[in-house]
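The questions below go through one protein model, from a single residue to strands, salt bridges and surface charge. Each answer closes on the item asked for.

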Amino acid sequence: MTVDPATTPVSLDDEAVVLVGHGSRREKSNEQVRELAATLEDRLGVPVDAGFLELAEPSIDEAIAGLAPSVSRVSVVQLSLFAASHVKNDVPLAVRQAREAHPDLTINNGAHLGVHPAIVDLLDDRAAAVEERLGVDREADDVTVVLCARGSSDPDANSDAHKLARLLYEGRAFDRVETGFIGVTDPLLEDTLHSVAKQRPDAVVVLPYMLGDGVLTQRIRDRTDEFDAEYPYVDAAAGDPLGTDPRIVDVLGDRWQEARTDSVEMSCDTCKYKVELDGYEEDVGGARAMLRALTHQESHADRENVDDEPHTHDAPGKHVAVCTNQTCAADGAPAVLERLRQAARDSEQCDARITRSSCLGRCGEGPMVAVYPDGVWYGGVDADDAERIVSSHLDRDRIVSDIVDQTL
């Protein structure tokens, strides 16, 4: 989409955008997000600031807080390629917390980049560039494309990678377009490449489905080079990542428009947190995901010292989430929260971070207290129970069985 700042409605003067990137130890990757934010600002004619999930500054809440004094509405636009845990859990949690911190600010949460015609067009161009480098032509030669994504534990995200591959195949003269992953799930890139080699194509074009030129993109190049050396009768090369191509900005513009008009559509029909999928039955309801998001957020609270172990720094041994939604609050959750914190401060053994949580979905059975990573939920907790949770569970790993509501 194209928005002309000169014809921007007056109402846009009172809104802004936070462009959410993952965050990286490589500042080059973070600069890519900031570059896209600046380009999107020029395109939309509204302020656009970058925010990061982890490993870089500012965080999402800091970015929103920086914009809050000057606007009344902020739209969060996400740079995630697929709808996995960051999109479904981490960003919504940050948005919910920002809404609580800024009650007078309207905050809209947008969708991920997802499957979009502009991205299919961009992938086609990336493939053409590799064909030119290899000296082959899909119209005259047998050219196979392998679209290589990161891979996820979310089947919905992985299925979108296959959908993109199919859309890239439709209407084009490629011999085949296959999907592979660099990790987490099958088929792995090397397995896909070996399978493709059996068809003896003239050339194999590997497309890294990544935004930046980082560690995973280089790993894809390395696997492709190894394949090229192992199969001398097939020419193979890897293309460039998506980068900051203007078509990415086109998609971000569409996602912004959806967010600000409250017309975001997520793939709920195939979401493992919404429906039972074979092998993922325990994830239905999202409770485990919500607790993981809380712990993930806390483990990345320190964004200044992330060079050595970015996924373990400052993480407590346990994370305790106390539901303070309306029903639990009426049943005494604030008092439970305070007693837990006081007991934890008085303890010499307790290694836990205790935070508020939005609704845990057990209204009428609270106050609810969830202990992660143990996956133990306590229900009907009162102030005296709070002290027992600390002295038994948090100090000595002994579950307080008489108030257990469920275990995950």
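Q: Is Gly 180 buried or exposed, and what is its relative accessible area?
A: This is a predicted model, and the value is computed from it. Buried means under 20% relative accessible area. Gly 180 falls under that cut-off and therefore counts as buried, with a relative accessible area of 0%.

Q: Which strand holds Gly 180?
A: The strand in question covers residues 176–181. Gly 180 lies within that run, so its strand is E6.

Q: How far apart in space are Gly 180 and Thr 192, C-alpha to C-alpha?
A: Along the sequence, Gly 180 and Thr 192 are 12 residues apart. In space, their C-alpha atoms are separated by 5.8 Å.

Q: How many of the residues of strand E3 are buried?
A: Strand E3 spans residues 73–78. The rest of the structure largely encloses E3, because the buried residues number 5 of the 6.

Q: Which strands pair with E3, and in what sense?
A: Strand E1 (residues 15–21) pairs with E3 over 6 bridges, in the parallel sense. One of the partnerships sets Glu 15 against Arg 73 in E3. Strand E4 (residues 106–109) is joined to E3 by 4 bridges, and Val 76 has Asn 109 in E4 as its bridge partner. E3 and E4 also run parallel, so the answer is E1 and E4, both parallel.

Q: Which residues form salt bridges with Arg 34?
A: The structure holds 26 salt bridges. In one of them the closest N and O atoms of Arg 34 and Glu 27 are 2.6 Å apart. In another, Arg 34 meets Glu 31 at 3.0 Å, N to O. The partners of Arg 34 here are Glu 27 and Glu 31.

Q: Where do Arg 34 and Glu 31 lie?
A: Arg 34 and Glu 31 are 3 residues apart, about one turn of the helix. Arg 34 is partly exposed at 27% relative accessible area, and Glu 31 is partly exposed at 41%. Both residues lie in helix H1 (residues 27–44).

Q: How many residues apart in sequence are the parts that Lys 318 and Asp 397 tie together?
A: The side chains of Lys 318 and Asp 397 meet in a salt bridge of 2.8 Å, N to O. Lys 318 is in strand E9 (residues 318–323), while Asp 397 is in the loop between helix H12 (383–396) and strand E13 (404–407). The pair therefore ties together parts whose separation in sequence is 79 residues.

Q: Which of Lys 318 and Asp 397 is buried, and which is exposed?
A: Buried means under 20% relative accessible area and exposed means over 50%. Lys 318 has 11%, and Asp 397 has 54%. So the buried residue is Lys 318, and the exposed residue is Asp 397.

Q: Which residues are joined into one network by salt bridges that share partners?
A: Here the salt bridges have partners in common. The network consists of Asp 121, Asp 125, Asp 245 and Arg 247.

Q: Which residues gather in a patch of negative charge on the surface?
A: One member, Asp 235, is placed in strand E8 (residues 235–238). Asp 235 has a relative accessible area of 37%, so it counts as partly exposed. The patch is made up of Asp 142, Asp 175, Asp 202 and Asp 235.

Note on methods: Residues numbered from 1 in each chain as written. Predicted model: local features only at pLDDT ≥ 70, side-chain atom pairs only at ≥ 80, totals over all residues. Heavy atoms only, no water. Patch = residues over 30% accessible without salt bridge, like charges linked within 9 Å, V, L, I, M, F, W, Y side chains within 5 Å. Areas by Shrake-Rupley, 256 points an atom, 1.4 Å probe, with all protein chains shown as cover. Salt bridge = Lys/Arg side-chain N within 4 Å of Asp/Glu carboxyl O. Lys, Arg positive; Asp, Glu negative; His and termini not counted. Charge placed at Lys NZ, Arg CZ, Asp CG, Glu CD. Helix = DSSP H or I, 4+ residues; strand = E, 2+ residues; numbered from the N terminus. Buried < 20%, exposed > 50% of the residue type's maximum accessible area, 1.4 Å probe, protein only. Pairing = 2+ DSSP bridges.
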